Amino acid sequence: MNQHFMLDGRSIPFEEGQTILQAAEHAGVFIPHLCYHPEFKPHGSCKLCTVKVNGRHTASCTMRAVAGMSVESDTEEINAERRALTQMLFVEGNHFCPSCEKSGNCQLQATAYHLGMMSPHFDHFFPNRPVDASHPDVLLDFNRCILCSLCVRASRDVDGKNVFALSGRGIGTHLIVNAKSGRLADTDFALSDKAAQVCPVGVILKKRQGFAVPIGERRYDKAPLGEPVDTTEGR
Amino acid sequence: MTYQLETAAHPEKLRRVAIDPVSRVEGHGKVTILLDDQNKVHQVRLHIVEFRGFEKFIQGRPYWEVPVMVQRLCGICPVSHHLAASKALDVIVGAQRISPTAEKLRRLMHYGQMLQSHALHFFHLCSPDLLFGFDSDITRRNIVGVAAAHPETARRGVLLRKFGQEVIRVTAGKRVHGTGSVPGGVNKLLTVAERDELLKEIYHVIQWSREAVHLIQKVHTQDPGLYNSFGIFRSNFMSLVGHNGDLDFYHGTLRARDDNGAKIFDGVDYQQYDKYIEEEVRPWSYMKFPYFRAIGKEHGWYKVGPLARVQNCDQISTPFAEHERKEFVDYAGGTPMHAPLAYHWTRMIEMLHAAETIKDLLHDDDLLAGEMVVQGERRMDGVGVIEAPRGTLFHHYRVDENDLVTMANLIVSTTNNNQAMNEAIRHVARRYLHGREITEGLLNHIEVAIRAFDPCLSCATHALGKMPLAVELVDPDGSVVHQLSRS
């Protein structure tokens, strides 16, 4: 690991083939992300991990590290863009943290806290997305889907089942279940599937679990994402 | 028990006075009064102007989400909704009896809430009226005025509430809108450190609660002419009563009495509540009017809350509160006291009972260890009832085979008191406003009567002391003849 690049003025070592995000994580530097998962091929869709490389915007989860490159990440400008992206994710779905059982374990919520998001800012879409409670062990609450496609990749690449897919285009893109009926109960999906474990938000939920873990003992209660971003800069 | 003054015979010729919003209550409501040219009162109504819709949007959600979602009805006593929903879902998940540990932790959470809610109501919302007078200087008639004139009373009010909030925090995870109670039990135990922290304060809390009872007892008994008659009406009353007829806020069976104290029903399993209680819809309010089926709409309405509970039970299990209950019953002369201002006295007796019960629970090691959740045979239908600070609270749910809620029916405490509050303000309007020129002080008399019930008009909380009050006298042709406002 004798090659380095500069990230926010800090020298980051990397191995050949590593992306900027992988090298940064390895060096203990947090770059916000939602669709990236270390066990899966990068998707580059959420754009939360956007950085500036030599002055140009790029997704750090797909961009390979190159020796000597200069990367900006934790800047007022980029964090403001990430915040706006996060706000858009919140208003596109129905994210009601106060009654969501994923609250405290939710990567979207933790990212919003990290970025100092104080309000949704944009008008809510309030889409009508019925839940799928047909499976005996798993509830699908599509209201909270952010189209990260982690369940699609996990089901296809690890479980070999292809239970999920993204359908439609552009603003009409949505998560579907690959069954004629469209119901999860009519697939061979199982609670033990990798796809049941990877949802960063509250879409794929183990039934009857709810609020079994108390406040204060949830994942991001104990270990918030990165250091909170200073949102007072430039005000 | 009549509906006099509910609907004027010829409203088109009358002037309308509106108290909008009613201040120093939880939530948002308004009072309208119709007067003729001689200021004679023809119609008085308490309107609930907020529309909430929780019963509808809980449909289609998974049942385990319900206790956390529905508590958002309220920021003052969310624990009541949290626990009433949990109790209904205990039935759904087949936990007919939850573990002793879970029941005691829930009880601790609930009694902490009783303490904080009663303290908030008495000290922050009502003490200005009771200590300074109903038509005293409006600039002093608030908690800041109380803090200036009676600093120790105000300080205790703040600290009592704070203690109750701490009890809620250690049991529910947060002071407001926690997650501690789950279908079939609880999700956390008390730690030794949390228990010891509360034990340090509890004896002060009990003493302050005793003194609060004595304060309101003195205020009440020094002016019996006012306190025994202000806004008075006779009615049935109802509450849960616990084992052996004890006062119990968490669990029990339903008991109702008529205005003379004779039992209408007793020992009723609340799973059967809809066989005993019916709700009537009236076109001018979003709030329904419940009544006892056996007696009918006209005479079957009732009151709930502290005045009902303290007179409905046979005894209180904690010694100081039982002593104060006997004092109250003796003062009432062996027949039910119906004066709305007696709510304050009984509310403080309940606060004392809550404090004593918290002390007893904190000495119980079941809070520190034991089974947290139990489950049994799954059912489709469940009712949960609890005595919330403001009165009996009903939650009823149906859940389908896929675990989604298909039906929700809530009868909140203030709804149970709907007709009673309307009767109280009609009495006050007849006695104090009839034929007189309207002043802010006189209108506050109407609000004092409403406040006695501690209504949670939307089950929502608003910024304390910042509610604007605007009163307008409007001629039949719509022109404003007189205006009063405070902000």
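**Chain B, overall**

I started with burial: of the 487 residues in chain B, 51% count as buried. This is a predicted model, so I'm reading everything below as computed. Next I pulled the secondary structure of chain B, which comes to 14 helices and 16 strands. I then checked the radius of gyration: 22 Å for chain B, close to the 23 Å from the globule rule for 487 residues, so the chain is as compact as a globular protein of that length. Along the principal axes, the C-alpha atoms of chain B fill a box of roughly 70 × 50 × 40 Å. I also looked at contact range. Taking contacts in chain B between residues at least 6 apart in sequence, 71% join residues at least 24 apart.

**Nonpolar cores**

Which residues touch the most other members of the largest nonpolar core? I got Leu115(B) and Ile425(B), out of 133 residues in that core. Helix α4 of chain B (residues 100-132) gives the largest share of this core, 13 residues. There is also a second, separate core of 53 residues, and I noted Leu34(A), Cys61(A), Leu89(A) and Val152(A) among its members. As background, nonpolar side chains tend to be buried together in soluble globular proteins.

I followed up on Ile425(B), leaving aside its neighbours within four places in sequence. Its contacts are Val31(B), Val44(B) and Leu46(B), plus Ile446(B), Ala449(B) and Ile450(B).

**A three-stranded sheet in chain B**

I picked out an open sheet with the strand order β12-β13-β14 in chain B, paired antiparallel. The edges are β12 (381-388) and β14 (405-411) of chain B; each has a single partner strand, so one side of each is left without a neighbour in the sheet. From one strand to the next, the twist averages 15°.

Then I zoomed in on one pair. Strand β13(B), residues 391-399, pairs with β14(B) in the antiparallel sense over six bridges. Opposite Phe394(B) I found Ile411(B), in β14(B).

What lies across β12 and β13 of chain B? It's helix α3 of chain B (residues 78-92), running at about 150° to β12(B).

**A buried helix in chain A**

I moved to helix α3 of chain A (residues 107-114). Seven of its eight residues are buried, so this helix is largely enclosed by the rest of the structure. I listed the buried ones: Gln107(A), Leu108(A), Gln109(A), Ala110(A), Thr111(A), Ala112(A) and His114(A). Their cover includes α2 (76-92) and α5 (219-222) of chain A. After α3(A) comes Gly116(A), and I noted its positive phi, near 70°.

**Where the chains meet**

How many residues does each chain put into the contact? I have 16 residues from chain A and 19 residues from chain B. On the side of chain A that touches chain B, I sorted by class and got nine nonpolar, four polar and three charged residues.

**One exposed Phe**

Last lookup: Phe57(B), which sits in helix α1 of chain B (residues 54-57). Is Phe57(B) buried or exposed? It has 11 other C-beta atoms within 10 Å, and 12 or fewer counts as exposed, so Phe57(B) is exposed. I also took a distance from Phe57(B) to Gln272(B): the two are 215 residues apart in sequence and 24 Å apart in space, C-alpha to C-alpha.

Definitions and conventions. Residues are numbered from 1 along each chain as its sequence is written. Chains are lettered from A and ligands numbered from 1 in the order in which they are written. This is a predicted model: local features need pLDDT of at least 70, side-chain atom pairs count only at pLDDT 80 or more; totals for chains, interfaces and linings use all residues. Helices (H or I, at least four residues) and strands (E, at least two) are DSSP runs, numbered from the N terminus. A residue is buried if 20 or more other C-beta atoms lie within 10 Å of its own, exposed if 12 or fewer, and partly exposed in between; C-beta atoms are placed from the backbone. Two strands pair if DSSP finds at least two bridges between them. Axes are lines fitted to C-alpha atoms, for helices over the stretch in contact, and angles run from 0 to 180 degrees between N-to-C directions. Two residues are in contact if their C-beta atoms, placed from the backbone, lie within 7 Å. Ala, Val, Leu, Ile, Met, Phe, Trp, Tyr, Cys and Pro count as nonpolar, Asp, Glu, Lys and Arg as charged, and the others, Gly among them, as polar. A nonpolar core is a set of buried Ala, Val, Leu, Ile, Met, Phe, Trp, Tyr and Cys residues joined through C-beta atoms within 7 Å. The radius of gyration is taken over C-alpha atoms; the globule rule is 2.2 Å times the number of residues to the power 0.38.
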